[in-house]
Structures are given as structure tokens and as C-alpha cells.
2 protein chains.
Amino acid sequence: MSASPLTVLALVDDPALQAAVDRWLAGQERYRLERCEPGQDPVAELERRGDSIDALLVQQGCLTPVQVQELSDRSLLLPAVVIGVMSGRVDLHEAEVHLPSDQLEQLSYNLDAAVSRFLARGSQGSLGNGAPVGDTALSDRWRLADRLQGRLGLAGVFYKRDPSRFLRNLSPGDASELLQSLQRTYRDYLIQYFRDPAAANQALESFVNTAFFSDLPITKTIEIHIDLIDAFAKQLKLEGHKGGFLQDYRLALLDVLAHLCEMYRRSMPPDLPMQKATSAS
Amino acid sequence: MSASPLTVLALVDDPALQAAVDRWLAGQERYRLERCEPGQDPVAELERRGDSIDALLVQQGCLTPVQVQELSDRSLLLPAVVIGVMSGRVDLHEAEVHLPSDQLEQLSYNLDAAVSRFLARGSQGSLGNGAPVGDTALSDRWRLADRLQGRLGLAGVFYKRDPSRFLRNLSPGDASELLQSLQRTYRDYLIQYFRDPAAANQALESFVNTAFFSDLPITKTIEIHIDLIDAFAKQLKLEGHKGGFLQDYRLALLDVLAHLCEMYRRSMPPDLPMQKATSAS
């Protein structure tokens with residue numbers, strides 16, 4: 001079962017962001033990064049490179065709505081991570097994944113998730129940004145799904161996680177950076193939870209993606225929640241407010257656990273039927 | 001990958017309970033039921049039958065503490081489901097599973113869980129009811145674990161669920177009975193949650209076992225919780241009480257989701273290391 005690296009095309013204008021992306025994808029065996037230089041037309045570039053590109057990394061705003069429509073029309077939509085503010089908006093298509101620029105430690109896990117989601121949604125024929133899916137576009141998408149699954153090995157990626165990137169297999173420094181990054185994501189999630197459900201949902205998905213692909217123990221998720229709620233409670237007390245309403249944030253943790261649990265459940269390998277019982281023991 | 005049925009010895013005195021057990025294990029390909037008749041000495045019987053028995057089904061109170069100690073001394077402790085009141089007490093050993101007699105619809109799933117837990121704990125050397133584990137006993141247990149894993153196929157049972165018993169593959173009548181049974185378990189769990197944590201924990205485990213082995217969608221667990229809390233709230237209102245404290249039961253749902261999620265997480269097949277990236281695409 002061989003797995004060749006997936007080629008990710010970065011559409012990133014900001015040099016500092018590009019440097020951060022380079023840093024967090026350096027040394028990843030699963031991904032090979034290429035760039036679309038600022039000034040190049042991303043649609044033409046994607047058309048020229050054809051099947052050699054497997055996924056996109058898009059700085060928010062680097063693609064105009066017209067360009068996104070062109071990509072959609074030409075069946076050039078690929079698995080995508082959008083880097084930018086969690087606004088709740090769909091930038092390319094419904095299977096895209098969002099990550100703020102201060103949480104790029106989680107980039108490789110969210111690329112895994114972007115490919116998984118794309119494969120899963122593609123197989124249900126529910127990709128695209130609202131436009132009706134023609135037969136040609138659908139067959140193009142199947143071809144892409146086939147190609148991705150071929151590169152990733154037989155089983156597809158949906159439960160094919162990379163153990164070298166599991167939290168417990170990271171160096172202490174990398175593990176600590178990843179946990180801090182997860183804390184920032186969870187903090188964004190809590191802050192948006194009652195304020196902007198669509199934005200909160202993007203943060204939730206990014207947290208759950210990283211938790212799943214880094215094999216984060218469930219107790220760690222609960223710790224991150226409790227630590228943040230404790231910090232909020234202290235802050236409120238200092239400011240002379242009551243923090244009783246913080247209990248309502250248990251709903252936020254319930255949402256995270258339910259999503260994560262369903263993700264694990266759907267990632268279980270298909271169970272083969274039990275063989276008919278024989279008389280021998 | 002062949003799987004021969006596991007032989008379960010029932011130590012059940014009550015004829016009505018025995019009839020219910022017969023009913024809920026009838027037609028199960030994974031389990032073959034045998035009985036230790038009332039009046040027979042269970043210790044002698046287990047010794048006589050030796051390796052032919054794989055698991056126990058014990059009516060609470062059918063084994064005296066002295067008999068349990070004898071079984072432990074002779075390394076005859078097996079995966080076990082204890083049928084009776086959820087008291088929080090350990091009857092045989094720490095890997096046992098508890099199920100009340102009005103919830104036997106879940107018996108086969110909890111037998112799966114009893115075997116899984118026994119294999120998992122056995123491999124950590126943490127079985128036994130507190131007594132120090134001698135080398136002989138440990139090697140006996142390893143032999144049993146080997147035998148069980150041999151009968152169940154290569155991978156062991158920890159994530160080898162039987163899809164024919166998944167909720168979605170049951171007849172509508174069986175599915176409805178299973179859901180009602182799960183509701184009774186969850187109700188017991190809520191009632192004990194703040195009153196008797198040890199008893200609540202046994203109910204939680206039985207619920208989570210059935211949810212896992214029946215591949216219950218996560219949303220169904222949440223529905224069961226919400227429906228019960230709504231029913232409690234109505235009841236309290238009728239009685240003229242306030243139901244605000246019912247929000248505290250979100251903690252109970254958090255516990256269930258966290259346990260279930262961790263069970264799924266640990267049941268993921270071992271992820272193979274990614275192969276070194278090659279230059280070909």
C-alpha cells in the first residue's frame with residue numbers, strides 16, 4: 001500500500017503567511033507544496049497544471065467570486081483549506097476547511113480533513129456551491145476522487161491517519177505548540193458560540209479535524225474546555241461580574257464531543273459480516 | 001478470517017430470567033449458550049468444562065464471594081455479564097459488565113463488550129479483583145486471551161463489531177425494542193447520576209457498550225437524553241416544582257459522549273506508518 005505525496009497549490013499573497021505555511025508544511029511526507037505566484041492568474045494556472053494538483057491552500061480574498069465560479073464551471077474545484085478569519089462564509093465549496101492564520105500549527109491536520117471531506121461529500125454528489133451538478137462535472141469529480149484515493153492507498157484517507165503526526169509521537173516542543181494552537185481554536189469557538197453560530201461552526205470543525213487527525217485523547221479536549229472556562233470565570237470575577245452563565249458553555253463542549261464522536265464512528269473501517277458459525281471451536 | 005461462536009455458560013437460577021436470556025441470545029451466531037443447572041456447583045462445573053467455556057452470564061447472587069475467590073484462585077475468571085440491579089459493586093472482576101433484567105435486549109452487545117474489556121484489561125495485566133496477580137495466573141489469562149482472539153478472528157473483537165446487529169440492520173420491531181431498552185438504561189443512569197456515582201457508572205457503561213456495538217448514531221444518544229429530560233421537566237411542572245436544575249444533567253450527557261468517543265477512538269485499527277514518499281505521483 002504505497003502513498004505518494006499530495007501536491008498542494010498555495011494561493012497566498014502575503015509573504016509572511018507564505019513563510020508560515022512553508023514552515024508548517026516543511027518535512028510533511030504527505031504533502032508537497034507548490035505556489036501560484038502573486039500576479040499569476042490562478043484559474044489559468046490550475047488549468048495548465050491539470051491533474052498534477054491535488055489540493056488548494058487559499059488565503060482568504062485571493063480568489064474573486066468570479067474566479068471561484070470559473071473554477072467550478074471548469075471542474076477545477078479541489079479539496080481546500082481557506083486561511084483567514086472564521087466568518088462562517090463559504091469561499092469555494094461546502095467541503096472546504098477554514099483555519100485562522102494564528103493557528104497554522106494545525107495546517108497539515110486540516111489538509112487531511114479537507115481531502116477527507118472532499119472525498120466523502122464527492123461520493124454523495126453534494127459538492128459545489130449551490131449550482132446544480134451536471135453529469136460531466138460529476139464524472140470529473142469521480143476521476144479526482146479516484147486519483148486521490150489511488151495516491152493515498154486503497155482505503156482512502158477517511159480513517160487513514162498518519163501516526164507520525166499523532167500528538168503522542170510529536171517532539172515535546174511540537175506537542176506543546178499544537179496544544180496551544182488547539183487552545184486558540186477552542187477559544188475562538190467559545191467566543192463565537194452564542195454570537196455567530198456559522199463562524200463558531202468553522203472553528204468547531206477545525207478543532208475537531210485536528211483532534212481527530214492528531215489522535216488527541218478525549219480527556220485533553222475536556223481539559224482545554226475546563227481551562228478556558230476557568231480563565232473566563234476568573235476574568236469575570238476580577239471585573240466584578242457573575243459567571244453563572246458560563247455553565248451554558250457546556251453546550252459548546254457537547255457539540256464538540258458529538259461531532260468528534262460521529263467523525264470517529266464514521267471512520268471505523270467497514271465491518272465485514274460475521275462468517276456463518278461452524279461447528280468446530 | 002473465520003469466527004467460531006463463543007460458548008457462554010449461564011449461571012442463572014430464576015427460570016423466568018433464563019427464558020429471557022434464551023430469547024435474547026437465540027439466533028445469535030456469535031454466541032452459543034450452555035447452562036449450569038441450579039444445584040450444580042459452578043466452580044466444579046467450570047473446572048470440568050475447562051477451555052470449552054469462553055464467557056459467563058451470571059445472575060447476581062448466584063455466586064458466593066467464596067466461590068468467586070475459588071474461581072480467581074484457579075484462574076477460572078472469564079469475561080462476564082452480571083444480570084441484576086446496578087449497585088456499583090464488583091461481583092467477579094473489574095472487567096465485568098452489568099445489565100438489569102429489564103434491559104436484556106442489549107445482552108448480546110454487552111457480551112461483546114465483556115469480551116472486549118476482558119481482552120483489553122487482560123493485556124494490561126490489570127484483571128482480578130484486587131488480589132496481586134501471580135505469574136501463573138497471568139500466563140493462564142494470556143492463554144485465554146489468545147484463545148478468544150483465535151476464535152474471534154485475527155483482529156480480536158475490540159473493533160470487530162457484528163454488522164448484522166447494527167441498529168440500522170435490525171427489523172423495525174427489534175430496532176424499536178432496542179431503542180426502548182436503551183432508554184430504560186439511560187433513565188436508570190440519569191436517576192443515579194447525582195445519587196450513586198458507582199451505580200450510575202455501571203449504567204453508563206452498559207449504555208455506551210450497546211451504543212458502540214449497535215453502531216447507534218450519535219444524534220440518537222442526544223435524542224434519548226433530550227426526550228428523558230423533557231419528560232422529567234413536564235413531570236416536575238405537573239408537581240409544581242421548578243426544573244432549572246435539570247440543566248445540570250448536561251454533565252451526564254457529556255460523560256456519556258466522552259466515554260463513547262474514547263471507546264471509538266481506541267477501537268480505530270492501528271494506523272500503519274505512511275510509506276516514505278516516493279518521487280512518482
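User: What makes the pairing of the side chains of Glu262(B) and Arg266(B) a polar contact?

Analyst: The two side chains are joined at 2.8 Å. The cut-off for such a pair of N or O atoms is 3.5 Å. The value falls within it, so the term polar contact applies. Keep in mind that this is a predicted model.

User: Where does Glu262(B) lie, and why is it called buried?

Analyst: Glu262(B) is part of helix H9 of chain B. Its relative accessible area is 15%. Buried means under 20%, so Glu262(B) is buried.

User: Which residues does Glu262(B) touch, not counting those up to four places away in sequence?

Analyst: Pro217(A) and Ile218(A). Both carry the chain letter A, whereas Glu262(B) belongs to chain B.

User: Why are H7(B) and H9(B) called oblique to each other?

Analyst: Start with the angle. H7 (residues 197-213) and H9 (residues 250-267) of chain B pack at about 50 degrees. Roughly parallel needs an angle under 35 degrees, and roughly perpendicular needs 65 to 115. About 50 degrees meets neither condition, nor is it over 145, so the pair is oblique. The axes are 10 Å apart. H7(B) passes H9(B) in a right-handed crossing.

User: Which residues of H7(B) and H9(B) meet?

Analyst: From H7(B), the list includes Leu204(B), Phe207(B), Val208(B) and Phe212(B). From H9(B), it includes Val256(B), His259(B), Leu260(B) and Met263(B). By class, this contact has 10 nonpolar, four polar and one charged residues. Asp255(B) is in the contact, and Asp counts as charged.

User: What makes H6(B) oblique to H9(B)?

Analyst: Their axes cross at roughly 125 degrees and come within 10 Å. Roughly perpendicular covers 65 to 115 degrees, and roughly antiparallel starts over 145. Roughly 125 degrees fits neither, so H6(B) is oblique to H9(B). This crossing is right-handed.

User: How many nonpolar, polar and charged residues does the contact of H6(B) with H9(B) have, and which residues meet there?

Analyst: Tyr186(B), Tyr189(B), Leu190(B) and Tyr193(B) come from H6(B). They meet Leu251(B), Ala252(B), Leu253(B), Asp255(B) and Val256(B) of H9(B). The count is eight nonpolar, no polar and one charged. Tyr counts as nonpolar under the scheme used.

User: Why does Ala175(B) count as buried?

Analyst: Its relative accessibility is 14%. The limit for buried is under 20%, so Ala175(B) qualifies. It is found in helix H6 (residues 172-193) of chain B. Beyond four places in sequence, Ala175(B) touches Leu167(B) and Leu170(B). Its C-alpha atom is separated by 12 Å from that of Thr210(B), 35 residues apart along the chain.

User: What is the phi of Asp215(A), and where does Asp215(A) lie?

Analyst: Phi is near 55 degrees, a positive value in a residue other than glycine. Asp215(A) sits in the loop between helix H7 (197-213) and helix H8 (218-238) of chain A. At 6% relative accessible area, under the 20% limit, Asp215(A) is buried.

User: What is the phi of Asp215(B), and why does Asp215(B) count as buried?

Analyst: Asp215(B) is not a glycine, yet its phi is positive, at about 55 degrees. Its place is the loop between H7 and helix H8 (218-238) of chain B. Relative accessibility is 6%. That is under 20%, so Asp215(B) counts as buried.

User: Why does Gln18(A) count as buried?

Analyst: Its relative accessibility is 6%. Under 20% is the test, so Gln18(A) passes. Gln18(A) is found in helix H1 (residues 15-25) of chain A. Leaving aside neighbours within four places, its contacts are Ala10(A), Val12(A), Leu33(A) and Arg35(A).

User: Why is Arg30(A) called buried, and where is its place?

Analyst: Arg30(A) has a relative accessible area of 3%, under the 20% limit, so it is buried. Its place is the loop between H1 and strand S2 (31-35) of chain A. The C-alpha atoms of Arg30(A) and Asp162(A) are separated by 8.4 Å, though the two are 132 residues apart along the chain.

User: How many helices and strands does chain A come to, and what share of its residues is buried?

Analyst: Nine helices and five strands. Of its 281 residues, 53% are buried.

Technical notes: Residues numbered from 1 in each chain as written. Chains lettered and ligands numbered in written order. Predicted model: local features only at pLDDT ≥ 70, side-chain atom pairs only at ≥ 80, totals over all residues. Heavy atoms only, no water. Axes fitted to C-alpha atoms, helices over the stretch in contact; angles between N-to-C directions. Helix = DSSP H or I, 4+ residues; strand = E, 2+ residues; numbered from the N terminus. Left-handed = near helix turned anticlockwise from the far one by under 90°. Contact = heavy atoms within 4.5 Å. Buried < 20%, exposed > 50% of the residue type's maximum accessible area, 1.4 Å probe, protein only. Polar contact = N/O pair within 3.5 Å; in protein donor to acceptor, adjacent residues only side chain to side chain.
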